[in-house]
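Here are my notes for a first look at this structure. Keep the view open while you read, and find each residue as it comes up.

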Amino acid sequence: MKSVVAEIQTEQQPPQVKVAALVQKGRYDPIAPICYVSGCIVALFIWWLASQSAASPLHRFNPQDTAVALTALFVNARFWQGLAESMQRLAIGLSLAFVVGVPIGFAIGYSTRAGQLTYVPFQFLRMISPLSWTPVAIILLGIGSGPVCFLIAISAIWPIIINSAAGIRAADPQWLEVARCLGAGHRQIIRHILIRATLPHILIGLQLALGVAWIVLVPAEMLGVASGLGYMILDFRDVNDYASITALIIVIGMLGLCLDLPLRFLSRKIKY
Amino acid sequence: MRRLSANNIEKYFLQEQQRMSALGPLDLEISPGEFICILGESGCGKSTFLRILAGLEIPTAGNVSMDDRPITGPDYRRAVVFQNPALLPWLTVQENISLGFKIRGERVPKDLVQQTIQLVGIDGFEKAKPKTLSGGMAQRAAIARALVSNPDVLLMDEPFGALDALTRMRMQEALIDIWNRHRVTIVFITHDIDEALVLASRIVVMTPRPGKIARVFDVSQKRSRARSDAEFLKMRACIADELVQSFKESREFEWGRMA
């Protein structure tokens, strides 16, 4: 938006003309924010409408009670503690997936043989629902955060591997030749060309990984831990606190949205 | 300025289990400060020859050397300009031109980079991203990237092939200017007779399958490079005849084989 204003000010043309030109180029769309906001309002309205009748199955999950429960949640110390623990598990699981996944992806992208060797095992492992590892994880890592982090890592690693490999393959071979002609060896090629060339792909992988990890986090916390967002949902169910369950669901959705945004912004920024 | 020599080089490719000869046997001595154009139709192996000189490909037989030292791989003292600029899209023009120093871990000589940018005439675009440049501008940046390391040899593979006719002429003038000032050895691949005549001090005409030297024309005497010059037109006709002759022979050869 700032650049649009700057352009309007520097150009001598009337602003309308400039805005119209920008709209045509697809860079600035004044209707877009209105659409985003009205979409949210409509969704809220449908929820409200569907939950108003006492006969409605959604009656116990209506927005008014949820709003009250939400404010109560925000002053609840246990909620913040649980949230912090969930975030910590997410961070550990994702970091693990990243640290292990990127080098594997690079190897697969770099060497056809590595790709062939890993293809069947990886496709096989990828298709296993991460939650089916739960008993294995608990037996190996015991009760606590360990299994949750493991489940997040094993679900998040696939998009990271696949996209890192795709990034290496998408790097223009001529960039590598240019670098070699300028005196680059393998190390310099990796450092100056491949890492930067694959960065947009890695970020897309990370974005997808975050999405999967966030989805897996909540059910993983329903199994074998006594804290975190997933555990709290079960906890509220046990005391029939429906409004708080709905409030937690809202929080989980909002957080997922917020976590995605910085990555989305970053990957738009470094696209080439 | 170094002496390049190719001794009896050959290059084979495998095609459907068969050894296809793409190049040679071919001998060529390139003297320091020479501007040599290698002229031939598409697929005559001229690019392969250039890539061998660059060290990007190894000949199947024979050897290439620079100052009697065999060429075994790429070297920044033999700078290469490809048909497309191949600028790194995430770097600015200036950063692209300084890339060689960064790769070699040297300090970037800012003044020299700026001078080179001015030499190729893209000053004012230092901070631009390659995506925003026209084809001619991007190719100038690629030439600057090759020149800035002060190479002994400049290897150019149809560098103006993708440009429109007017931009190409402008770039040719700029290149002659650079050569006149720096006397760097240039090996320039082209399929354009006029381009070869305007630029070269020596023209090597190649014939295809396998790529061999058909004839060498010495143009160094004639420095008036006006396209209307009688000498220019005469030599142009000579080279054209040579090329036509060469592919007539190869056609007859193919027909003979078919019969």
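1. Let's begin inside chain B, where domain 1 and domain 2 bury about 1100 Å² between them, with carbon and sulfur atoms giving 74% of this area. Buried area here is the accessible area (1.4 Å probe) that two parts lose on being put together, summed over both. On the domain 1 side, B:Tyr76, B:Met171 and B:Ile178 lose the most area to domain 2, together 44% of what that side buries.

2. A word on the ground rules: this is a predicted model, where local features need pLDDT of at least 70 and side-chain atom pairs count only at pLDDT 80 or more, while totals for chains, interfaces and linings use all residues. Residues are numbered from 1 along each chain as its sequence is written, chains are lettered from A in the order in which they are written, and side-chain values use heavy atoms, with hydrogens and water left out.

3. Where do domain 1 and domain 2 of chain B lie in the sequence? Domain 1 covers 4-77 + 152-258, and domain 2 covers 88-150; such bounds come from an automatic or database domain assignment. The C-alpha centres of the two domains of chain B lie 26 Å apart.

4. Next, the contacts between these domains. In chain B, 13 residues of domain 1 are in contact with 13 residues of domain 2, contact meaning heavy atoms within 4.5 Å. The rule finds zero salt bridges across this interface, a salt bridge being a side-chain nitrogen of Lys or Arg within 4 Å of a carboxyl oxygen of Asp or Glu. One residue pair is in polar contact there (both at pLDDT 80 or more). A polar contact is a pair of N or O atoms within 3.5 Å; within protein, one must be able to donate a hydrogen and the other to accept it, and residues adjacent in sequence count only if both atoms are side-chain atoms.

5. Which elements give two or more residues to the domain 1 side of that interface? They are β7 (153-157) and α6 (165-182) of chain B, and α6(B) gives the most, with six residues. Helices (H or I, at least four residues) and strands (E, at least two) are DSSP runs, numbered from the N terminus.

6. Now turn to the partner chain. In this interface, 21 residues of chain B are in contact with 16 residues of chain A. The area buried between chain B and chain A is about 1800 Å², and carbon and sulfur atoms give 69% of it. B:Phe82, B:Trp90 and B:Ile103 supply 37% of the area that chain B buries against chain A, more than any other three residues.

7. How many salt bridges are counted between chain B and chain A? The count is one: A:Glu177 pairs with B:Arg51, the closest N and O atoms being 2.6 Å apart. Three residue pairs are in polar contact across the interface of chain B and chain A (both at pLDDT 80 or more). Helix α3 (residues 99-103) of chain B gives the largest share of the side that touches chain A, four residues.

8. Finally, look inside chain A for a salt bridge between the side chains of A:Glu85 and A:Arg89 (3.2 Å, N to O). Both residues lie in helix α5 (residues 77-110) of chain A, four residues apart, about one turn of the helix.
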